[in-house]
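The following exercises concern salt bridges, a sheet and a domain interface. Each task is followed by a solution that proceeds step by step.

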Amino acid sequence: MAHRYIGKRLPQLDSFHKVTGIATFTHDLELPGMLYAKLVTSIYPHAKVSKVDASEALKVPGVVTIATGRDFPYRLGIYVGDRDVLAMDKVNWVGHPVAAVVAETLEAAEKAVDLVEVEYEPLEPVFDPLKALEPDAPLIHPKLGEYRRAPAFTPVPGTNIANRFVLKRGNVEKGFEESNVVIEKEFKLPFVSHAYLETQSTIAQYKMDGTVEVWTSAQSPFAVRYLMALSLGIPVGNITVNVPFVGGGFGGKAGLAWEPLTALLSKKAGYRPVKLELSRKEQFTSGAVRDGVYAKVKAGAKKDGRLMALKGRLIFDAGGYGDYTVNVSRAAGYSFGEVYDLPNVYCESLAVYTNKVPTTAMRGFGHPEAVWAVERTVEMVSSELGVDPLEIRLKNVVKPGVSVTVTGEKLRKDAGNPSDCLDAVAKAINWGGPVRKPGEPWRYIGKGISVFCKGPAQPPNAASSAIIKLNEDGTVDLMVGTGNFGQGTVTSLTQIVAEELGIPVEKVKFKFIRGTDSMAYTWQTVGSRGLYTDGNAVLEALEDVKKQIKEVASQVLRVKPEDLEIRDEKVYLKGRPWESIPLSELVMGYTYPNGNSIGGPIIGRGKYISPLNTYLDPETGQGIPTIFYTYGATGCIVEVDALTGKVRVLKAVQAFDLGKAINPLMVECQIDGGFIMGMSVALFEEITFDERGWVQNPNFSAYWVAHARDIPDEMMEISIENPQSDGPYGARGIGEVVMLGVPPAIANAVYHAIGVNINNMPMHPENIWKEIKKQKPELLEELKRKLMEIRELKVER
C-alpha cells in the first residue's frame, strides 16, 4: 500500500525555529522578579563538612539568601535515593555542592560564592572502583541501607556497591569445558561527558499557595514532576514542569537534576523565581557524566566458531552517587551478549561508588559498555580459532522465531534479523576483498565489523498517552509528552497523524514548549522508546478520532460508519467519492440547514503500555526486559599511522533492522550522527582526574571531541525493514543503537590493519602507539627499516 507521508523524507518540525534563532531555551528565559543562584562546591574528594560560614557573603550587595545542606534534608534519586540536595554531613567528590547563594544578579551571586568559608575534615578517598570493592575501603555512603530504593535494585549496605545484578543462564563452567578455545580479557572505558551544547539550566518558583512551577532543560518533564514530588513530599498535582527547547540531552537530562534545589531556594528566598544555570566547568565537575567501566570477559568456543559460554564481570564506576547508574549497570548486565544465541551465559554487573564526579545515563544506557567488551572478545576468539570474523558472527547471532535470548525470552518471528544487518554491511565494505594500498609505508589499512542490539530499558509499567484535538479549520493539535531535542520523534508522529487522517502534514501542530499541565503523559523520553510507545498511543487516539468523525458523518450521509473513509480533508462514502463532507464541517459538530446540530468538538485519546514485559528474576536475571530489539551492524575501514598512532576512519557503514523507516531522512541523520558520536567516544573522549580527584579537563579546550575534519570520507546508511507487527507501521526505535557498535568496529579494524588488539578506550594516538610497542615491537622495527630505505633513496637522489 502506497503511503502519502509514511516513509517520506521530511525535515524536522523545529528546523526553522533553530536555524533562525527563534527557538527559546531555558537559558533564554527571564521571569519577573527572578533571582540567580550559584554553587559553592567542595575542594576535597572526601571530607566531613564541619562548618559553613556565610556571614561575609551575606554582606555582598544584592545577596538575598544562602542555603546549606542542613536547610534541605532531603534525599533525591530515581532508582536509589543516594543524592543530597546540598552536602549535609560530608562531601563525596571535588565539585560536590556544599552551599548555594541566591542574589538579585548573577554577578552578586558569583562574588558571594568566593566569600563563603567552608571548614572540612578530610577523609581518605577512593578513586579506583576495584579498590572501592576491597573490605577495608573507605565507605562513601555509610547509610546506604537506609536509602529509598526501587524494588528491582539490590545495593549492598556496608560496602560501596550501589547495586549488584546477576544474569545466569545455563552452566558457563560446563560450557568452557566443552569448548576447544577459551580466552579471557580485560577492558576499560573512561568517564566521558555528554558534551551537549546547552548546559543544565533550571528556573523554579515555589509559590505561597504550595504549588511549584518549574522551567527546565530536561528530557522528561513527567519524570521530573514525579521525582520532585517523591523526594520533597509535595503532591504531584501541585507541581508543573515546563520544558522549552532543549539543547541536547543524550541521557544526561533524563532524570532529576537541579529542579529540587531551585524550588527550595525559591521558597527560602521569599517565593521569588530562582534560576540556576551551570557553567561548562560546573557541568563537568558538579553535574553527572557517563560512568567509567572495568570489565573482565571470558569466552569459550568450538573449533567451528560456535560460542559455548560467555562470562563477564562488569564494574561500573558510579562516582559520588549512582541514582541512575544503578540501572545503567543493570541494563548492561541483562544485555550482556544478547545479540548472540548463547547456551551458557553468566554476568555479574556492579555499580560501585568512588570519590569522583557522579554518573548518570548516557546514550545507549549500559549497552555500549557491554557491547565493547563482548564484541572485542568475539573478535579475539575468531582470531584464535582462525575463523572469519563475519562467519563467527553469522553463526552465532540470534535467529528470529527460533532463538532464546540471554534472559530466557523466545524471540518473536518479527523481532528483526541481525544476519540481514551483517550481510548488508559486509557487502558495503567488500568484506573479504582487498583494501587499497596506503600512500605511505607507515600507514596501514584494515576493515572491522561488529553486531549488536538494543531495546528500551524501562520498567514493565512504563506508559505513554496521546491526545489529538481537532480545530475549527481542520488543523490538528498533537499533544504528547515525548521530548524533542534533536531525535525527531515528534516529526514522525505528525507524519503518522497526517497519514491516518488524510490531511496535509502542515496541518498537524505540535507545541514545542511542553508542560505537564498541557500535554499527555509519557513515562520518559529515553531508551529509544518514543516512536514505538508514543506512536502506538497516537494510533489509538487516531482510531478514537476517526470513530467520532465517522459517527457524525454517518448520520449526515445516512450510511453506516464502516462505509466511510477519511482522506484529503474530507469524509467520503466508499465507492461514491462525489458524496463527501469536509472535515472542517464535522470537527466541531455538524449543523443542519435548520440549525439543528449533532456531535461536538472532537478530541481523541489513546494510551500504550506493554502487556508483555516482566520483572527480572532477582537471582538469575531471567524475564522479558524490553518491548522490542533493534538489531544493527557496523562496518568500517580505517587507516592507522603506525608512526604516530593516529587512527582515521575512511569509510563507515551501518545497517539497522528498524522495522519501518517512518522518515528515512531523519533515520539517515541519526545513523550518521550516531557513528560520529561513537567514533568521538572511541578515539578522543576522556575525562581525566589528577591524584587529588580533580577533573583536569573541564572544558572543550582540553576535553577533545570529534571535529568536522574527523568525519569519514564516506558514510553509508542502510535501513532494513522487517516490520514488527505491534510497532507503529512496524517501526522500532533507533535513537541509541546507532552508536553501540562503532567503537568495537573501529578497534577490530585497527587489529586487522596492524595486528594489535586495543581493549581500552579512548584509542587516541598515545594509547595506540603504546600498544604497538607492547604487543608488536617487530612492527616498529619494520618501520625503522622502511624509513632507513626511504632516507637512503633520498640521499642517492
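**Exercise 1.** Which residues are linked with Arg4 in a network of salt bridges?

*Solution.* The structure is a predicted model, in which local features need pLDDT of at least 70 and side-chain atom pairs count only at pLDDT 80 or more, whereas totals for chains, interfaces and linings use all residues. Residues are numbered from 1 along each chain as its sequence is written, and side-chain values use heavy atoms, with hydrogens and water left out.

Step 1. Recall the criterion: a salt bridge is a side-chain nitrogen of Lys or Arg within 4 Å of a carboxyl oxygen of Asp or Glu.

Step 2. Apply the criterion: Arg4 belongs to a network with Glu565, Arg567 and Asp568. A search of the whole structure finds 39 salt bridges.

**Exercise 2.** Determine whether the partners in three salt bridges are buried, partly exposed or exposed, and locate two of the pairs in the chain.

*Solution.* Buried means under 20% relative accessible area, exposed means over 50%, and partly exposed lies in between (1.4 Å probe, protein chains only). Helices (H or I, at least four residues) and strands (E, at least two) are DSSP runs, numbered from the N terminus.

Step 1. Asp14 and Lys18 form a salt bridge, with their closest N and O atoms 3.0 Å apart. Asp14 has a relative accessible area of 2% and is therefore buried; Lys18, at 34%, is partly exposed.

Step 2. In the salt bridge of Lys38 with Glu282, the closest N and O atoms are 3.1 Å apart. Lys38 is in strand E1 (residues 35-41) and Glu282 in helix H7 (residues 280-285), so this pair ties together parts that are 244 residues apart in sequence. Lys38 is buried at 9%, and Glu282 is buried at 11%.

Step 3. Glu721 and Lys660 meet in a salt bridge at 3.8 Å, N to O. Glu721 is in the loop between strand E33 (714-720) and helix H15 (742-754), and Lys660 is in the loop between strand E32 (646-657) and helix H14 (664-683); the two residues are 61 residues apart. Glu721 is partly exposed at 38%, and Lys660 is partly exposed at 22%.

**Exercise 3.** In what order do the 3 strands of the open sheet with antiparallel pairing stand?

*Solution.* Two strands pair if DSSP finds at least two bridges between them.

Step 1. The order is E25-E26-E27.

Step 2. Strands E25 (564-567) and E27 (576-582) each have a single partner strand, so one side of each is left without a neighbour in the sheet.

Step 3. Strand E26 (residues 570-573) pairs with E27 over 4 bridges; Leu573 has Arg576 in E27 as its bridge partner.

**Exercise 4.** Describe the interface of domain 1 and domain 3.

*Solution.* Domain bounds come from an automatic or database domain assignment.

Step 1. Domain 1 is assigned residues 31-123 + 200-277, and domain 3 residues 462-609. Their centres, taken over C-alpha atoms, are separated by 41 Å.

Step 2. Buried area is the accessible area (1.4 Å probe) that two parts lose on being put together, summed over both. For domain 1 and domain 3 this is about 1,500 Å², with 58% of it on carbon and sulfur atoms. In domain 1, Gln219, Phe222 and Phe245 lose the most area to domain 3, together 38% of what that side buries.

Step 3. Across this interface, 0 salt bridges are found.
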